[in-house]
Amino acid sequence: MTELKEEIENLKRKRNALILAHNYQLDEVQEVADYVGDSFYLSKVAAEIESDGIVFCGVRFMAETAKILSPDKVVLLPEIDAGCPLADTITAENVRELKSQHPGVPVVCYVNSSVEVKAESDICCTSANAVKVVASLPGSKVIFIPDENLGDYIAKQLPDKELILWQGCCVTHAKVKTENVTQVRQRYPEAKILIHPECIPAVVKLADFVGSTSEIIRYVENSPAEVFVIGTEVGVLCKLRTVCPEKQFILLHSGLVCPNMKKTRQQSIYDALLNNRYEINVDETIAEKARHTLTLMLELA
Ligand code: 13P
């Protein structure tokens, strides 16, 4: 074990803290994490684990979600400016406007959203349970925010539902174009092409499998195929290469790198534990409303 890793272990023990890392984190971060997974898994873990502290290696909305679900724990986000441009596309005021334009229509918010936006919504979802969450709602109309591409994917799975969408998207996933898929299909005809639903609909349509990061990993583990094209952020390759070292992985687009997810390093984790930074706190009145939307999701899924 390197010296830095040992220091992290010591500080973790001393502070009774656990490290949670999203599948998009750098390999060096995933290596020192106690739990690595997709947004849904990590929100469940945050709600269930017993520790005094959580170091959340991900982006701000993920650390906020952990704090909302674990208000008594100290939640640290090692890189304070690790944000999510998709979450920033919508404000609570925008949600109130949507609700006044469509009175009585339930609002589903993707977990990639601010606490304030969650607090204005009826139920939260992640990419792993979005279809299930929307399907569970009464009536045919649903407001789905803020990811338009994920919304389009859900609408296609649930033809009886009419989704009112917000025009937000993940700039990283949106880089993938249909030509990237057709080229890779020609070059690796035997490969399975696995795509995250945050990609544009024309790209999603060409996939062999569409799913969240953990669903993509599970698909690879259970598939007899040997070559896989990965249509999501490059960080997923870390877990894939660990669980299936004999299989071959090709990243669908070289630009599938989320700059915010890549800000956290082992050094940032060490600094976070040593200096108690950056502590995430959420106003309890807003947190209470946001907690309700997250709890409903956890109960349903
Ligand atoms: P997952 O739901 O697969 O964790 O994806 C989260 C995310 O932020 C994708 O950009």
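**View 1. Helices α3 and α4 cross in a right-handed sense.** Welcome to the first close-up of this predicted model. The two helices, α3 and α4, pack at an angle of about 35 degrees, and their axes are 8 Å apart. On the α3 side, the residues that take part are S39, L42, S43, A46 and A47, and they meet M62, T65, A66 and L69 of α4. Sorted by class, this contact holds six nonpolar residues and three polar ones, with no charged residue.

**View 2. Helix α4 is mostly covered by its surroundings.** Here we stay with α4, which spans residues 60-69, and ten of its ten residues are buried. They are R60, F61, M62, A63, E64, T65, A66, K67, I68 and L69. What do the buried residues of α4 pack against? Among the helices, their partners are α3 (39-48), α6 (115-119) and α14 (284-300). The strands β1 (17-22), β3 (53-57) and β4 (74-76) are partners of these buried α4 residues as well.

**View 3. S51 sits in the loop between α3 and β3.** Is S51 buried, partly exposed or exposed? With 17 other C-beta atoms within 10 Å, S51 falls short of the 20 needed to count as buried, so it is partly exposed. Beyond its neighbours within four places in sequence, S51 is in contact with N16, A17, L18 and K73. Have a look at R15 too: S51 and R15 are 36 residues apart in sequence, yet their C-alpha atoms are 8.8 Å apart in space.

**View 4. The ligand lies between domain 2 and domain 3.** Both domain 2 (87-169) and domain 3 (173-251) give residues to the shell around the ligand, which is why it is placed between them. The residues to look for around the ligand are D38, S39, N112, T126, S127, A128, C170, E198, S212 and T213. By class, this shell comprises six polar, two nonpolar and two charged residues. One of its members, S39, also appeared in View 1, on the α3 side of the contact with α4.

**View 5. Domain 1 touches domain 3.** The protein chain is divided into domain 1 (3-83 + 261-281), domain 2 (87-169) and domain 3 (173-251). Taken over C-alpha atoms, the centres of domain 1 and domain 3 are separated by 27 Å. Eleven residues from domain 1 and eight residues from domain 3 make up their contact. On the domain 1 side, the elements giving two or more residues are α2 (27-32) and β2 (35-37). The residues of that side divide into five nonpolar, four polar and two charged.

Terms used
Residues are numbered from 1 along each chain as its sequence is written. This is a predicted model: local features need pLDDT of at least 70, side-chain atom pairs count only at pLDDT 80 or more; totals for chains, interfaces and linings use all residues. A residue is buried if 20 or more other C-beta atoms lie within 10 Å of its own, exposed if 12 or fewer, and partly exposed in between; C-beta atoms are placed from the backbone. Helices (H or I, at least four residues) and strands (E, at least two) are DSSP runs, numbered from the N terminus. Two residues are in contact if their C-beta atoms, placed from the backbone, lie within 7 Å. A residue is near a molecule or strand if its C-beta atom, placed from the backbone, lies within 6 Å of it. Ala, Val, Leu, Ile, Met, Phe, Trp, Tyr, Cys and Pro count as nonpolar, Asp, Glu, Lys and Arg as charged, and the others, Gly among them, as polar. Domain bounds come from an automatic or database domain assignment. Axes are lines fitted to C-alpha atoms, for helices over the stretch in contact, and angles run from 0 to 180 degrees between N-to-C directions. A crossing is left-handed if the near helix is turned anticlockwise from the far one by less than a right angle, and right-handed if clockwise.
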